[in-house]
Amino acid sequence: MEYKVFKEVAKESIRDHLSEKFAYCQIDVKPVHKVNGTLDGLFVTEAGKQGVAVAPTVYLQELYESYKSTGNLEATLTAAASRLAEGLGHAREMAGMDFSEPETKLVLSLINTEQNRELLEAQEGEFIFHVEVGGGESNAKEEPV
């Protein structure tokens with residue numbers, strides 16, 4: 001099965017692999033911009049929850065590789081559904097989290113500017129320092145922008 005077909009089958013069939021308590025959930029496939037590329041994310045959200053900031057996601061490229069290596073579509077989708085169901089439980093826990101002091105919980109990440117231009121254009125914020133590392137030598141330098 002080609003990836004494009006797998007993607008559609010996974011979206012249409014994942015509900016059959018979720019337990020009945022998640023039958024009301026909404027299932028979507030959307031591109032997810034990650035560091036160094038874009039992946040197809042299969043999201044599960046609770047129906048009727050507008051403005052939900054947390055939704056469990058499995059990446060279809062990863063599932064497709066699992067399917068190709070095993071040849072077992074049912075087992076691949078069952079494992080994915082199990083991960084999504086666990087994620088929905090965590091999403092409910094996170095819904096009550098306090099984000100009143102986000103500066104105490106920030107995580108910073110260094111990424112390659114050229115390889116991640118599309119991701120960076122979609123982000124709010126500004127560059128504070130320009131960091132260059134090259135040639136395998138220890139010639140890192142910071143320059144204020």
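Here is a quick tour of how this chain packs together, from its core to its charged pairs.

Keep in mind that this is a predicted model. The largest nonpolar core has 20 residues, and Phe6, Ile14, Leu42, Val44 and Leu84 touch the most other members. Beyond that core, a search of the whole structure turns up four aromatic pairs, and there are three salt bridges to look at too.

**The nonpolar core**

- Start with the 20 residues of the largest nonpolar core, where Phe6, Ile14, Leu42, Val44 and Leu84 have contacts with the most other members. At least two residues of this core come from each of α1, β2, α2 and α3. The most generous of them is α3, which puts in six residues.
- Ile14 is a handy residue to click on: setting aside neighbours within four places in sequence, Ile14 is in contact with Ile27, Leu42, Leu77, Ala80, Ala81 and Leu84. Two of the residues named there, Leu42 and Leu84, are also listed with Ile14 among those touching the most other core members.
- Phe6 has a relative accessible area of 0%, so Phe6 counts as buried.

**Where α1 meets α2**

- Helix α1 covers residues 3-17, while helix α2 covers residues 60-70.
- Their axes come within 10 Å and cross at roughly 105°. That crossing falls between 65 and 115 degrees, so α1 and α2 are roughly perpendicular to each other.
- On the α1 side, the residues at this meeting point are Tyr3, Phe6, Lys7 and Ala10; on the α2 side, they are Leu60, Gln61, Leu63, Tyr64 and Tyr67.

**Aromatic rings**

- Of the four aromatic pairs in the structure, one is Phe6 with Tyr64: the ring centres sit 5.3 Å apart and the planes are at 55°, so this pair is tilted. Phe6 belongs to helix α1 and Tyr64 to helix α2, so the pair ties together parts that are 58 residues apart in sequence.
- Tyr64 is buried, with 10% relative accessible area. Tyr64 also pairs with Tyr67, again in a tilted arrangement, at 6.3 Å centre to centre and 35° between the planes.
- That second pair stays inside one helix: Tyr64 and Tyr67 both lie in α2, three residues apart, or about one turn of the helix. Tyr67 is buried as well, at 14% relative accessible area.
- Put these rings together with Tyr3 and you get one aromatic cluster, made of Tyr3, Phe6, Tyr64 and Tyr67.

**Salt bridges**

- Some background first: side chains of opposite charge can pair when their charged atoms come close. This structure has three such salt bridges.
- Lys7 and Asp40 make one of them, with their closest N and O atoms 3.6 Å apart. Lys7 is in helix α1 and Asp40 in strand β2 (residues 37-45), so the bridge ties together parts that are 33 residues apart in sequence.
- The two partners don't have the same surroundings: Lys7 is partly exposed at 24% relative accessibility, whereas Asp40 is buried at 13%.
- Glu62 and Arg83 form another, at 3.1 Å from N to O. This pair links distant parts of the chain, since Glu62 is in helix α2 and Arg83 in helix α3, 21 residues apart. Glu62 is partly exposed, with a relative accessible area of 43%, and Arg83 is partly exposed too, with 40%.
- Lys68 and Glu65 meet in a salt bridge as well, at 3.4 Å from N to O. Both sit in helix α2, three residues apart, which is about one turn of the helix. Lys68 is partly exposed at 49% relative accessible area, and Glu65 is partly exposed at 44%.

**A residue to look at in α3**

- Thr76 is found in helix α3, which spans residues 73-94. With 4% relative accessibility, Thr76 counts as buried.
- What does Thr76 touch, not counting residues up to four places away in sequence? Its contacts are Phe6, Leu63, Ser66, Tyr67 and Thr70. Two of these, Phe6 and Tyr67, also belong to the aromatic cluster with Tyr3 and Tyr64.

Technical notes. Residues numbered from 1 in each chain as written. Predicted model: local features only at pLDDT ≥ 70, side-chain atom pairs only at ≥ 80, totals over all residues. Heavy atoms only, no water. Helix = DSSP H or I, 4+ residues; strand = E, 2+ residues; numbered from the N terminus. Buried < 20%, exposed > 50% of the residue type's maximum accessible area, 1.4 Å probe, protein only. Contact = heavy atoms within 4.5 Å. Salt bridge = Lys/Arg side-chain N within 4 Å of Asp/Glu carboxyl O. Core = buried A, V, L, I, M, F, W, Y, C linked by side-chain atoms within 4.5 Å. Phe/Tyr/Trp six-rings, centres within 6.5 Å; stacked < 30°, edge-to-face > 60°. Axes fitted to C-alpha atoms, helices over the stretch in contact; angles between N-to-C directions. Parallel < 35°, antiparallel > 145°, perpendicular 65-115°, else oblique.
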